[in-house]
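The following exercises ask the reader to work through one structure step by step. Please keep the sequence and the model at hand while following each solution.

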Amino acid sequence: MTTAGTLKLTTPGERELVMTRSFDAPRQVVFDAHTKPELVRRWLLGPPGWSMPVCEIDLRVGGKYRYAWQHDRDGTKMGMCGVYREVVAPERIVNTEKFDEAWYPGEALGTLVLIEQGGKTTLTYTMRYESRAARDAVIKSNMESGVAASYDRLAELLASTPARGRA
């Protein structure tokens, strides 16, 4: 499998940021890569040089998740957590997002939607921030390159998934 596209960012409203990327993999495999800690740890790392020592996922409405990253060279740490508000496997997840050391104001709401067509899956991740200022702070950060690097790793992980039907 290879990636079927690159990361596309749009801002359809004052507080929203929408990220879209297509993957050459079935929806269930892409869903599993977002919900199984052993897989998430392999791709959700941002720019090179980071690892994810903490990846806890309680995938149910009201369940919590916690991610913590560490820079391999200088030891810098970053963490975030949230609560699942909606889980419709394998097509939709809605969750809150809040960083330990907030670099944008408030809490965000993320909606992941996976649509499969012809064995390829289009991922659309919509983030809704508490304000336009919060959304703009995210856009001005290095977030786009980190997300793009993570999705490139996800495409590589999906390409190495045996039988394309199981992650």
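A residue is called buried if its relative accessible area is under 20%, exposed if that area is over 50%, and partly exposed in between. The model used here is a predicted one.

**Exercise 1. Classify Asp-32 as buried or exposed, and find a polar partner for its side chain.**

Solution.
Step 1. Locate the residue: Asp-32 lies in helix α1.
Step 2. Compare its area with the cut-off: the relative accessible area of Asp-32 is 10%, so the residue is buried.
Step 3. Look for a partner: the side chain of Gln-28 makes a polar contact of 2.8 Å with the side chain of Asp-32.

**Exercise 2. Determine whether Cys-55 and Cys-81 are in a disulfide, and classify each by its accessibility.**

Solution.
Step 1. Begin with the count for the structure, which holds zero disulfides.
Step 2. Check the distance: the cysteine sulfur nearest to that of Cys-55 belongs to Cys-81 and is 13 Å away. A disulfide requires two cysteine sulfur atoms within 2.5 Å, so a separation of this kind does not qualify.
Step 3. Repeat the check from the other side: for Cys-81, the nearest cysteine sulfur is that of Cys-55, and Cys-81 is in no disulfide.
Step 4. Classify both: Cys-55 has a relative accessible area of 6% and is therefore buried, whereas Cys-81, at 33%, is partly exposed.

**Exercise 3. Trace how strands β3, β4 and β5 are connected.**

Solution.
Step 1. Take the pair β3 (residues 50-57) and β4 (residues 64-71): they are antiparallel and are joined by six bridges. One of the residues to inspect is Ser-51, whose bridge partner in β4 is Gln-70.
Step 2. Examine the link: β3 and β4 form a hairpin with six residues between them, and in the turn Gly-62 has a positive phi of about 90°.
Step 3. Move on to β5 (residues 77-88), which runs antiparallel to β4 and is joined to it by seven bridges. Here Arg-66 has Cys-81 in β5 as its bridge partner.
Step 4. Examine the second link: five residues lie between β4 and β5 in their hairpin, where Gly-75 has a positive phi near 80°.

**Exercise 4. Describe the surroundings of Lys-64 and state whether the residue is buried or exposed.**

Solution.
Step 1. Locate Lys-64, which is in strand β4.
Step 2. Apply the cut-off: its relative accessible area is 57%, so Lys-64 is exposed.
Step 3. List the contacts: apart from residues up to four places away in sequence, Lys-64 touches Glu-56, Ile-57, Asp-58, Gly-82, Val-83 and Tyr-84.

**Exercise 5. Identify the strands that pair with β2, and describe the setting of Arg-21.**

Solution.
Step 1. Consider β1, which is antiparallel to β2 and joined to it by three bridges; Thr-10 has Val-18 as its bridge partner in β2. A hairpin of five residues connects the two strands.
Step 2. Consider β8: this strand pairs with β2 in the antiparallel sense over eight bridges, and the bridge partner of Thr-20 in β8 is Thr-124.
Step 3. Assess the cover: six of the eight residues of β2 are buried.
Step 4. Turn to Arg-21, which is found in β2. With a relative accessible area of 2%, Arg-21 is buried, and its side chain makes a polar contact of 2.9 Å with that of Asp-152.

**Exercise 6. Test the length of helix α4 and explain its place in the largest nonpolar core.**

Solution.
Step 1. Calculate the expected span, which is 1.5 Å times one less than the number of residues. For the 17 residues of α4 this gives 24 Å, and because the end C-alpha atoms are 24 Å apart, the two values agree.
Step 2. Describe the core: it has 41 residues, and Phe-23, Tyr-67, Leu-123 and Tyr-151 are among those with the most contacts inside it. Helix α4 (residues 143-159) gives the most to this core, with seven residues.
Step 3. Recall the general tendency: in soluble globular proteins, nonpolar side chains tend to be buried together.
Step 4. Identify what covers the helix: the buried residues of α4 include Val-147, Tyr-151, Leu-154 and Leu-158, and their cover includes β1, β2, α1, α2, β8 and α3.
Step 5. Examine Tyr-151: beyond its neighbours within four places in sequence, its contacts include Leu-7, Arg-21, Phe-23, Trp-43 and Leu-123.

How values were computed
Residues are numbered from 1 along each chain as its sequence is written. This is a predicted model: local features need pLDDT of at least 70, side-chain atom pairs count only at pLDDT 80 or more; totals for chains, interfaces and linings use all residues. Side-chain values use heavy atoms; hydrogens and water are left out. A nonpolar core is a set of buried Ala, Val, Leu, Ile, Met, Phe, Trp, Tyr and Cys residues joined through side-chain atoms within 4.5 Å. Buried means under 20% relative accessible area, exposed over 50%, partly exposed in between (1.4 Å probe, protein chains only). Helices (H or I, at least four residues) and strands (E, at least two) are DSSP runs, numbered from the N terminus. Contact means heavy atoms within 4.5 Å. Two strands pair if DSSP finds at least two bridges between them. A polar contact is a pair of N or O atoms within 3.5 Å; within protein, one must be able to donate a hydrogen and the other to accept it, and residues adjacent in sequence count only if both atoms are side-chain atoms.
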